[in-house]
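Biologist: I should be grateful for a close examination of one part of this chain. Please begin with a single element, follow its contacts outward, and explain the reasoning behind each assignment.

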Amino acid sequence: MAVRQRAVTALPNLIRTLRNEQPFKLKPHHNPNHPNHNSLPSLRRAFSLYDQINLIDNVPEDQLRFQGFNDTGFTVNGTEYEGSLLCVGNLIMSWKPKKFSEITADSLSLFQIVRPIPEILIIGCGRNIQHVDPELRRFIRATGMKLEAVDSRNAASTYNILNEEGRIVAAALLPYGVSS
């Protein structure tokens with residue numbers, strides 16, 4: 001009941017803020033006309049259900065946010081990263097796999113020691129969703145995480161949403177240009 005009362009109290013302020021807010025625009029990469037220049041969909045859609053129930057007023061500036069992607073990497077918090085990335089909470093690391101077949105228990109062994117254990121691992125498979133090997137699924141389950149394997153664009157967007165909600169989430173992302 002208290003959550004509902006907070007939502008009812010916060011909703012008018014949220015709507016007022018959204019009406020006054022300027023649309024968010026990404027700074028272009030090197031060349032915004034390049035065919036591989038892509039932006040992730042905005043998490044803020046005016047008056048959408050998500051905005052109405054999202055009661056987080058101020059997301060910390062140091063929170064990891066994927067802002068864009070291209071065939072060879074990602075833009076995170078205004079910085080362009082080339083190659084594959086491994087993200088845990090608000091930490092970002094370069095990651096060795098360059099194609100989906102190189103994602104193994106060894107490449108994800110960090111999750112045997114990281115604490116707290118993320119509740120979900122989102123694997124960004126590149127351009128297309130790939131079938132995750134049963135042995136790799138068992139390894140991920142043994143760490144205590146759930147697994148979601150999607151294309152890298154949707155993996156980055158899902159990571160943004162779950163991380164913004166304050167959930168402990170991890171992402172292992174291949175660049176979008178990887179096709180198998």
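**Helix H4 and its surroundings**

Modeller: At the start of helix H4, Asp 151 places a side-chain oxygen within 3.2 Å of the backbone nitrogen of Arg 153. The model is a predicted one, and what follows should be read in that light.

The length of H4 can be checked by simple reasoning. The helix has 13 residues, so at 1.5 Å a residue it should span 18 Å; its end C-alpha atoms are 18 Å apart, which agrees with that expectation. Several residues of H4 are buried, among them Ala 155, Ala 156, Tyr 159, Asn 160, Leu 162 and Asn 163. Ser 152, Ser 157 and Glu 164 are buried in this helix as well. In general, an α-helix has 3.6 residues a turn, so residues three or four places apart point the same way.

Just after H4, the backbone at Gly 166 adopts a positive phi of about 85°. The residues around this glycine take part in a group of charged contacts. Glu 119, Glu 165 and Arg 167 are linked in a network of salt bridges. Within that network, Arg 167 pairs with Glu 165, their closest N and O atoms being 3.6 Å apart. Arg 167 also forms a salt bridge with Glu 119, and here the closest N and O atoms are 2.7 Å apart. This second pair joins distant parts of the chain: Glu 119 sits in the loop between S6 and S7, while Arg 167 sits in the loop between H4 (152–164) and strand S9 (169–173), 48 residues apart.

How accessible are the members of this network? Glu 119 has a relative accessible area of 34%, and is therefore partly exposed. The value for Arg 167 is 35%, which again means partly exposed. Glu 165 counts as partly exposed because its relative accessibility is 38%.

The loop that holds Arg 167 lies between H4 and strand S9, and this leads to the sheet. S9 belongs to an open sheet of 5 strands in the order S6-S5-S9-S7-S8, with mixed pairing. Its edge strands are S6 (91–95) and S8 (146–150), each of which pairs on one side only. On average, neighbouring strands of this sheet are turned by 20° against each other, direction ignored. As a general point, strands of a sheet pair through backbone hydrogen bonds, either parallel or antiparallel. Strand S7 (residues 120–124) and S8 run parallel and are joined by 5 bridges. Leu 121 stands opposite Leu 147 in S8.

A further charged contact involves the loop between S7 and helix H3. Asp 71 forms a salt bridge with Arg 127, with 2.9 Å between the closest N and O atoms. These residues also lie in distant parts of the chain, 56 residues apart: Asp 71 is in the loop between S2 and S3, and Arg 127 is in the loop between S7 and H3 (134–143). Asp 71 counts as partly exposed because its relative accessibility is 23%. Arg 127 has a relative accessible area of 33%, so this residue is partly exposed. A search of the whole structure finds 3 salt bridges.

Asn 70 lies in the loop between strand S2 (66–69) and strand S3 (73–76). Its relative accessibility is 14%, so Asn 70 counts as buried. The Asn 70 side chain reaches the backbone nitrogen of Thr 72 at 2.8 Å. A polar atom of this side chain also lies 2.8 Å from the backbone nitrogen of Gly 73.

Two cysteines deserve mention. Cys 87 is buried, because its relative accessible area is 0%. Cys 125 has a relative accessibility of 1%, and therefore counts as buried. The structure holds 0 disulfides.

The wider setting of H4 may be summarised as follows. The protein chain contains 4 helices and 9 strands. Read along the sequence, these elements follow the pattern α-β-α-β-β-β-β-β-β-α-β-α-β. Of the 180 residues of the chain, 38% count as buried.

How values were computed
Residues numbered from 1 in each chain as written. Predicted model: local features only at pLDDT ≥ 70, side-chain atom pairs only at ≥ 80, totals over all residues. Heavy atoms only, no water. Pairing = 2+ DSSP bridges. Helix = DSSP H or I, 4+ residues; strand = E, 2+ residues; numbered from the N terminus. Axes fitted to C-alpha atoms, helices over the stretch in contact; angles between N-to-C directions. Buried < 20%, exposed > 50% of the residue type's maximum accessible area, 1.4 Å probe, protein only. Polar contact = N/O pair within 3.5 Å; in protein donor to acceptor, adjacent residues only side chain to side chain. Disulfide = S-S within 2.5 Å. Salt bridge = Lys/Arg side-chain N within 4 Å of Asp/Glu carboxyl O. Expected span 1.5 Å × (residues − 1).
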